[in-house]
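Trainee: Could you take me through one part of this model closely, the sheet, and then show me how it sits in the rest of the chain? I'd like one connected walk rather than a list.

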Amino acid sequence: DDPRLRSEVAAAVASDAAYGPAVDAARRLTGLQQELVLSQELRARGIPFLSEEQLRERGEAKTPDALLPVPLLVRGRQVHWVDSK
């Protein structure tokens, strides 16, 4: 157990602006916030969807943030699912 090495590694991890734990936590929080906004918007517009959580509970292999049982037409293209990240 080397205190100097431990200190240097801790400093490197703390200062990592691209891949450190703080950045990962911020990305995760932002993703969760965007999923919430997406579900609120779909509900407000009366668009039926299955959430990522519902898809996981059903054992689905692919879990977008929102699976649309009835596809939407967006700019001339059919949209079957939405991923907010």
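Mentor: Start with leucine 73, whose bridge partner in S3 is glutamine 78. Keep in mind that we're looking at a predicted model. One step further along, valine 74 has arginine 77 as its bridge partner in S3. Those two pairs belong to the contact between S2 and S3, which pair in the antiparallel sense over 5 bridges.

Now look at the turn itself. S2 and S3 form a hairpin with 2 residues between the strands, and arginine 75 is found in that loop. Check its backbone: phi of arginine 75 is near 50 degrees, a positive value in a residue other than glycine. That's worth a pause, because most residues other than glycine have a negative phi. As for its surroundings, arginine 75 has a relative accessible area of 83%, so it counts as exposed, the cut-off being over 50%.

Follow the chain out of the loop and you're in S3, residues 77–82. How many of the 6 residues of S3 are buried? The number is 0, so S3 lies largely in the open. If you're tracing side chains along a strand like this, remember that in a regular strand they alternate between the two faces of the sheet.

Go back across the hairpin to S2, which covers residues 66–74. Its other neighbour is S1, and 2 antiparallel bridges join S1 to S2. At that end, serine 51 stands opposite alanine 66 in S2. Put the pieces together and you have an open sheet of 3 strands in the order S1-S2-S3, with antiparallel pairing. S1 (50–51) and S3 (77–82) stand at the edges with a single partner strand each, so one side of each has no neighbour in the sheet.

Where does the sheet fall in the chain as a whole? From the N terminus on, the elements run α-α-β-α-β-β, so in your viewer you'll be counting 3 helices along with the 3 strands. Take helix H2, residues 21–44, as a stop on the way; leucine 32 lies in it. Is leucine 32 buried or partly exposed? It is partly exposed, with a relative accessible area of 41%. To get a feel for distances here, compare leucine 32 with leucine 42: they are 10 residues apart in sequence and 15 Å apart in space, C-alpha to C-alpha.

Zoom out now. The C-alpha atoms of the protein chain fill a box of roughly 60 × 30 × 20 Å along the principal axes. The radius of gyration tells a related story: the chain has 19 Å, while a compact globule of 85 residues would be near 12 Å. Buried residues make up 19% of the 85 residues. On the contact side, take the pairs at least 6 apart in sequence: 21% of those contacts join residues at least 24 apart.

Last, the surface. The chain exposes about 6900 Å², with carbon and sulfur atoms supplying 55% of it. There are 12 positive and 13 negative side chains, and the centres of the two sets lie 7 Å apart. If you want one place to return to, make it the hairpin, with arginine 75 in the loop between S2 and S3.

Key:
Residues are numbered from 1 along each chain as its sequence is written. This is a predicted model: local features need pLDDT of at least 70, side-chain atom pairs count only at pLDDT 80 or more; totals for chains, interfaces and linings use all residues. Side-chain values use heavy atoms; hydrogens and water are left out. Helices (H or I, at least four residues) and strands (E, at least two) are DSSP runs, numbered from the N terminus. The radius of gyration is taken over C-alpha atoms; the globule rule is 2.2 Å times the number of residues to the power 0.38. Buried means under 20% relative accessible area, exposed over 50%, partly exposed in between (1.4 Å probe, protein chains only). Contact means heavy atoms within 4.5 Å. Accessible areas come from the Shrake-Rupley method with a 1.4 Å probe; for residues, only the protein chains shown count as cover. Lys and Arg count as positive and Asp and Glu as negative; His and the chain ends are not counted. The place of a charge is taken as NZ of Lys, CZ of Arg, CG of Asp or CD of Glu. Two strands pair if DSSP finds at least two bridges between them.
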